[in-house]
Amino acid sequence: MAVIVRAGAAPMWWPGVVAAAVGAFVPGLTGRRIGLLAGAALFLLTAALVASVRMRRYGLLAGAATRAGRGDFLQDRDVTVRRWRRGHRWWLLGAFLVAVASAFVVPGAGGLVLAGAGAGLWLKAVRIGRRETRDDVLYWVRTDWVERGRPAGRQVKAYRTTGPMAGDAAPGGARRHRR
């Protein structure tokens, strides 16, 4: 489940950083200093907002989690990330283009908002990973319940759990390193 949350972090972070860098070289209408300071404030606000949105719902679903059964289809980490990114590629491209275009008005602010959203998703995945570590389980969403990459959508009734060594994802959705 944390894999779905984490899947959008990098595709928002890196284009946001690139768009902010473009904004650092464009004077814009407000000037570089004001644009980048406003962008820094918006980065912090966006990261905090994204990291905290729906965490109560995640907690409720995790509290109602049941052990994964034989009939549950749990998807591989790489497949989940690939499906999420393919399903959202046009939204991500559009967000990047808007962030770059906004650099001509408020330099760096749009890129830092996009990067803040990526950082917020990463922070949310870290919080979920801490809960998984604390509970000594991995939380999963049945693939037939996930609607458009939403791990806490209306169709999700409860999470499934497996042991912490199941699958190819570490707690928090990171790639598991095998030795």
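**Exercise 1.** Is R134 buried or exposed? Find its salt-bridge partner and follow the network from there.

*Solution.* The model is predicted.

Step 1. The cut-off for an exposed residue is over 50% relative accessible area. R134 has a relative accessible area of 59%, so it is exposed.

Step 2. The side chain of R134 meets that of D135 in a salt bridge, with 3.3 Å from N to O. Through salt bridges that share partners, R131, R134 and D135 are joined into one network.

Step 3. The remaining link of the network is between R131 and D135, whose closest N and O atoms are 3.4 Å apart. These two residues are 4 residues apart in helix α7 (residues 109-135), which means that about one helical turn separates them.

Step 4. R131 has a relative accessible area of 27% and is therefore partly exposed. D135, at 30% relative accessibility, is also counted as partly exposed.

**Exercise 2.** How many salt bridges does a search of the whole structure find? Describe the one that involves D78.

*Solution.*

Step 1. The search finds 3 salt bridges. Side chains of opposite charge can pair when their charged atoms come close.

Step 2. D78 pairs with R77, at 3.8 Å from N to O.

Step 3. Now compare each partner with the cut-offs: buried is under 20% relative accessible area, and partly exposed lies between that and 50%. R77 has 12% relative accessibility, so R77 is buried. D78 has 33%, so D78 is partly exposed.

**Exercise 3.** Which residues of helix α5 are buried, and why can they be said to line one face of the helix?

*Solution.*

Step 1. Helix α5 spans residues 77-87, and its buried residues are R77, T80, V81 and W84.

Step 2. Look down the axis of α5. The buried residues fall within an arc of 95 degrees, so they line one face.

Step 3. Turn to the face pointing away from the buried side. The exposed residues carried there are R83, R86 and G87.

Step 4. Ask what covers the buried residues. The cover includes α1 (2-7), α2 (9-25) and α6 (89-102).

**Exercise 4.** Describe the surroundings of M55 and L61, two residues of helix α4.

*Solution.*

Step 1. M55 is in helix α4, which covers residues 55-63. Its relative accessibility is 16%, so M55 counts as buried.

Step 2. Set aside the neighbours of M55 within four places in sequence. M55 is then in contact with K124, R127 and I128. I128 is 73 residues from M55 in sequence, yet their C-alpha atoms are 8.9 Å apart in space.

Step 3. L61 also lies in helix α4. With a relative accessible area of 2%, L61 is buried.

Step 4. Set aside the sequence neighbours of L61 in the manner of step 2. The contacts of L61 are P151, A152, V156, K157, A158 and Y159. R127 is 66 residues from L61 in sequence, and the C-alpha atoms of L61 and R127 are 15 Å apart.

**Exercise 5.** Which residues does UniProt list for "transmembrane region"? Describe the chain over residues 12-29 and residues 36-53.

*Solution.*

Step 1. An unreviewed UniProt entry lists residues 12-29, 36-53 and 90-123 under this name.

Step 2. Over residues 12-29, the chain is 78% helix and 0% strand, and its end C-alpha atoms are 25 Å apart.

Step 3. Over residues 36-53, the chain is 94% helix and 0% strand, again with 25 Å between the end C-alpha atoms.

**Exercise 6.** Where do R54 and D136 lie, and what is the sign of phi in each?

*Solution.*

Step 1. Most residues other than glycine have a negative phi.

Step 2. R54 has a positive phi, near 65 degrees. R54 sits in the loop between α3 (32-52) and α4. Its relative accessible area is 43%, so R54 is partly exposed.

Step 3. D136 is not a glycine either, and its phi is positive at about 60 degrees. D136 is in the loop between α7 and β2 (138-140).

**Exercise 7.** Which residues make the nonpolar surface patch of about 330 Å²?

*Solution.*

Step 1. The patch is made by L29, F104 and V105.

Step 2. Take V105 as an example. V105 lies in the loop between α6 and α7. At 41% relative accessibility, V105 counts as partly exposed.

Notes. Residues numbered from 1 in each chain as written. Predicted model: local features only at pLDDT ≥ 70, side-chain atom pairs only at ≥ 80, totals over all residues. Heavy atoms only, no water. Buried < 20%, exposed > 50% of the residue type's maximum accessible area, 1.4 Å probe, protein only. Arc of directions from axis to C-beta. Contact = heavy atoms within 4.5 Å. Salt bridge = Lys/Arg side-chain N within 4 Å of Asp/Glu carboxyl O. UniProt positions renumbered as here; feature names shortened; annotations may be inferred. Patch = residues over 30% accessible without salt bridge, like charges linked within 9 Å, V, L, I, M, F, W, Y side chains within 5 Å. Areas by Shrake-Rupley, 256 points an atom, 1.4 Å probe, with all protein chains shown as cover.
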